[in-house]
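Biologist: I am new to reading models like this one, so please pick one part and take me through it slowly. I would like each term explained as it comes up.

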Amino acid sequence: MNKIKFDTAASCMDPCDFESTPYEQALSEILSQIKTIDGVERLRIRDAMYRVSAEDIKAQQDIPASRNSAMDGYACRHGNLAEKDQISRLNLVGTSAAGHPFFSEIPDGACIRIFTGGVVPDELDTVIMQEDCQVENNWVYTKNSHRMGQHIRNAGEDIAVGELALAKNQLIGTAELGLLASVGCSEVVVRQKPKVAFFSTGDELRAVGETLKPGDVYDSNRYTLFALLKAAHVQPIDLGVVRDDLDQTIAALTVGAQQADVVVTSAGASVGDADCIKQAIESVGELKLWKVAMKPGRPLAFGRFNDTWFFGLPGNPVSVMVTFDKFVRPALRKIRGERTPISTLRMNVRCLNPIFKRRGRLEFQRGILSVNDDGQAVVESTGNQSSGVLSSMSRANCYIVLPAETGNVQEGSMVTVEPFTTNI
Ligand code: AMP
Ligand code: MG
């Protein structure tokens, strides 16, 4: 590990703390240790939404199963159409609508009425939109400007027989649910949903609905974490609030480890007298990593006990969200067996205001990404970047990513942004 140990105690206000691990290194250390849960179950496809498949699903037949029309119109043989720009005259002999194919023979020079999704008989090769035709008695007239094969969807053009409709280790999202149905699959084997226990720590915390005494704060992190876990499609287990007490914290971690695959805590992860998460993890299990060179979110603790992973997140509300996003979410993906790599979309855009930044730590500041009148993407800071200002997360739609070596940013400079995504 590329860490330099200094004797001087590091403070979370230091721009650069030599005991902390660079972000990329911390993430890869965490991901390399975490294992995917073994348990699988067979579910009906609607119940498999946002689960990860544990099997390959191959199409048993072509999708679509037969050649069909992409338009309402008339199906004919291209060879029966007159020279370009000349009028063609075709004899109308039948109809093929979705669910009602036309089975009879179609003589040379004839056509059939066809509707979107209607099967195109083997002997026909072209569909003409109804807007390009005139019909009189049983004759269809059209001016030829038609391409052979137009407006026909080929059998298997979505998924051919034997092709993968859903690969193993794929998250079943909205498109995948429809895809499974499109190949006639009614059940799928998926990995079990990870269980994630979470609790807040802090003597100052009050439940919403209680009256605040001086110095108290409402326990908002437990709500943010609940929402983050729900949005990550795992099963949250709320263990409540634990006071700043080592024994109580150890007891709560132990309960969490018995009940869940992951335990996530907020606060008490720094070096203050009341901060007992690190010590509690060390006495219950094994501390693997502590402190990451990023802002917000330096005092992050990661550890394990048997098969349960601990994430001790910082207490500040913005830090909770950012560290969840940057570490817990990717870890949950791996735990539930989701295929990697998942690349983060980053782009360079012009920043509309100056940004204050001390060199030394990678920062994920909150930004508002938009498109200006010239059609160019631009970003604006949400303002106060204190990690206590949760409203900045609510206003933001992206991070402004400022590398460790970057100092202040001038108005109008190019910066890297990372749009928020919720598609876990
Ligand atoms: P700590 O990490 O314990 O030093 O807490 C850092 C800051 O986050 C303090 O201002 C705490 O009051 C605040 N904080 C800690 N836990 C919560 C919580 N559950 N909800 C809202 N704020 C919190
Ligand atoms: Mg505290």
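Modeller: What follows looks at the boundary between domain 1 and domain 2, and then turns to ligand 1.

This is a predicted model, in which local features need pLDDT of at least 70 and side-chain atom pairs count only at pLDDT 80 or more, while totals for chains, interfaces and linings use all residues. Residues are numbered from 1 along each chain as its sequence is written, chains are lettered from A and ligands numbered from 1 in the order in which they are written, and side-chain values use heavy atoms, without hydrogens and water.

Let's find our two domains. Domain 1 covers 23–38 + 193–336, and domain 2 covers 40–63 + 157–191; such bounds come from an automatic or database domain assignment. Their C-alpha centres are 33 Å apart. Where they meet, six residues of domain 1 are in contact with six residues of domain 2 (contact means heavy atoms within 4.5 Å). About 600 Å² is buried between them, 55% of it on carbon and sulfur atoms; buried area is the accessible area (1.4 Å probe) that two parts lose on being put together, summed over both. On the domain 1 side, Lys-193, His-233 and Arg-336 lose the most area, together 73% of what that side buries.

Now for ligand 1. It is surrounded by 16 residues, and the closest are Glu-204, Asp-219, Ser-220, Gly-268 and Gly-315 (here a residue counts if one of its heavy atoms lies within 4 Å). Glu-204 has a polar side-chain atom 2.6 Å from an oxygen atom of ligand 1. In the side chain of Asp-219, an N or O atom is 2.7 Å from a nitrogen atom of the ligand. Asn-221 uses its backbone instead, with a polar atom 3.3 Å from a ligand nitrogen atom. Taken alone, ligand 1 exposes 490 Å², and the protein buries 76% of that; these accessible areas come from the Shrake-Rupley method with a 1.4 Å probe.

Terms used. Polar contact = N/O pair within 3.5 Å; in protein donor to acceptor, adjacent residues only side chain to side chain.
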